[in-house]
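Here is a friendly walk through the empty spaces and the sheet of one protein chain. Have a look at the fold, and then let's go through it together.

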Amino acid sequence: MSRDSNYDHHISIFSPQGRLYQMEYAFKAASSASGLTGVAVRGKDSAVVVTQKKVPDRLMVPRSVTSLSKITEKIGCLSTGVVADCKAQVQRARYEAADFAFQYGYPMPVHVLARRMADLAQVNTQSASMRPLATDCIYIGVDDEKGPQCYKVDCAGHYLPFYATASGNKEQEAVNFLEKRLDEMKNYDVNQTIRSAIMCLGTVLGSDFRGSELEVALVHGREGRFHALTEEEIELHLNAIADDADA
């Protein structure tokens, strides 16, 4: 047994190298437990999230399996990691958003929700009797002043705004793809934003998708509502991507 293994019994114990091993295990679970990869891209007037759709059992109702959740009318969430933890995090986000609206009389801005969820996640890292939720959440929403926004919250309590980001199994490969197109993305219209996110996912996974194998959701414009695309709408974008590749 290695010397460092003595320091991973509780989340509140630092190793001599200054590492929290339980948090590292949580990050690993958040990125690999679901086996999915998610991508978020923010364009000129829209924000889009795309992820794989995998139904683990043929007997399950396919529409019951999703990584995309509506938090409020203008905020949505893409969550990857341990499924039960993702559902708990989404439920808490809905509670926080509803409580904010009840107390202050206006909808919770997406950056305030991201900060609140990050604060709650960080509390779970402070006590040996608690466990971090093994999930990465990407929140997209429409800010009344700034327009579409994209925030990522991890299981340690970091939260940051992004032009584009990724989570899950192939996170680093997706980030590398997005970094090369950063300057172009800022001027994308809604269709270009959707297709760039789908292209990113297809490139890093090395596969062609059907409409039933993807989940796509977006917010568009300052008054935009978070909504998911249907299989038929996704197929239209896949066909457009294929046509562009053949041209």
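## The enclosed space

The largest cavity in this predicted model has a volume of about 30 Å³. The structure holds one cavity of 30 Å³ or more. Around the largest cavity you will find Gln 89, Ala 121, Asn 124, Pro 132, Leu 133 and Cys 155. Sorted by class, this lining has four nonpolar and two polar residues, with no charged ones.

Two of these lining residues, Asn 124 and Pro 132, turn up again among the contacts of Ile 11, so to speak a good place to go next.

## Ile 11 and its neighbours

Ile 11 sits in the segment before α1, the helix of residues 21-32. Is Ile 11 buried or exposed? Ile 11 counts as buried because its relative accessibility is 5%, below the 20% limit for that class.

Leaving aside residues within four places in sequence, Ile 11 is in contact with Leu 20, Gln 22 and Met 23, and also with Asn 124, Thr 125, Ser 127, Ala 128, Met 130 and Pro 132. If you would like a sense of distance across the model, take Val 175: it is 164 residues from Ile 11 along the chain, and the two C-alpha atoms are separated by 29 Å.

## The largest pocket

Next come the open spaces. The largest pocket has a volume of about 470 Å³. Its lining is made up of 23 residues, and the closest to the centre are Val 65, Thr 66, Ser 67, Val 83 and Lys 87. By class, the lining divides into eight nonpolar, ten polar and five charged residues.

Which elements each supply at least two residues of this lining? They are β3 (68-70), β4 (75-81) and α2 (83-104). Helix α2 gives the most, with six residues.

## The second largest pocket

The second largest pocket holds about 360 Å³ of space. Of its 20 lining residues, Lys 53, Ser 212, Leu 214, Glu 215 and Glu 231 lie nearest the centre. Two elements to pick out here are β9 (214-220) and α7 (231-246), which give two or more residues to the lining. The largest share comes from β9, with three residues.

The lining of the second largest pocket divides into nine nonpolar, four polar and seven charged residues.

## The five-stranded sheet

Strands β3 and β4, met above at the largest pocket, also belong to an open sheet of five strands. The order is β3-β4-β5-β6-β7, with antiparallel pairing. At the edges are β3 and β7 (159-161), each of which pairs on one side only. On average, neighbouring strands of this sheet are turned by 25° against each other, direction ignored.

Start at the β3 edge. β3 and β4 form a hairpin with four residues between them, and they pair in the antiparallel sense over three bridges. Leu 68 stands opposite Leu 78 in β4. On to β5 (residues 135-143), which runs antiparallel to β4 and is joined to it by seven bridges. Within that pairing, Gly 76 has Ile 140 as its bridge partner, and Thr 80 has Asp 136.

## Covered strands and a helix across them

How many residues of β4 are buried? Seven of its seven are, which leaves the strand mostly covered. Ile 75, Cys 77, Ser 79 and Gly 81 point one way from β4, while Gly 76, Leu 78 and Thr 80 point the other way.

Helix α3 (residues 110-123) lies across β4, β5, β6 (147-153) and β7, and runs at about 10° to β6. Strand β6 is home to Gln 149. With a relative accessible area of 8%, Gln 149 is buried, because that value is under the 20% cut-off. Not counting residues up to four places away in sequence, Gln 149 touches Arg 42, Ala 47, Val 110, Tyr 139, Ile 140, Gly 141 and Asp 143. Among these contacts, Ile 140 is the residue already met as the bridge partner of Gly 76.

How values were computed
Residues are numbered from 1 along each chain as its sequence is written. This is a predicted model: local features need pLDDT of at least 70, side-chain atom pairs count only at pLDDT 80 or more; totals for chains, interfaces and linings use all residues. Side-chain values use heavy atoms; hydrogens and water are left out. On a 1 Å grid over the protein atoms alone, a cavity is a set of points where a 1.4 Å probe fits but cannot get out, and a pocket is an open set with protein on both sides within 12 Å along at least five of seven lines; lining residues have an atom within 4 Å of a point. Grid points are joined across faces, edges and corners, and a volume is the space filled by probe spheres set on the points. Ala, Val, Leu, Ile, Met, Phe, Trp, Tyr, Cys and Pro count as nonpolar, Asp, Glu, Lys and Arg as charged, and the others, Gly among them, as polar. Two strands pair if DSSP finds at least two bridges between them. Axes are lines fitted to C-alpha atoms, for helices over the stretch in contact, and angles run from 0 to 180 degrees between N-to-C directions. Contact means heavy atoms within 4.5 Å. Buried means under 20% relative accessible area, exposed over 50%, partly exposed in between (1.4 Å probe, protein chains only).
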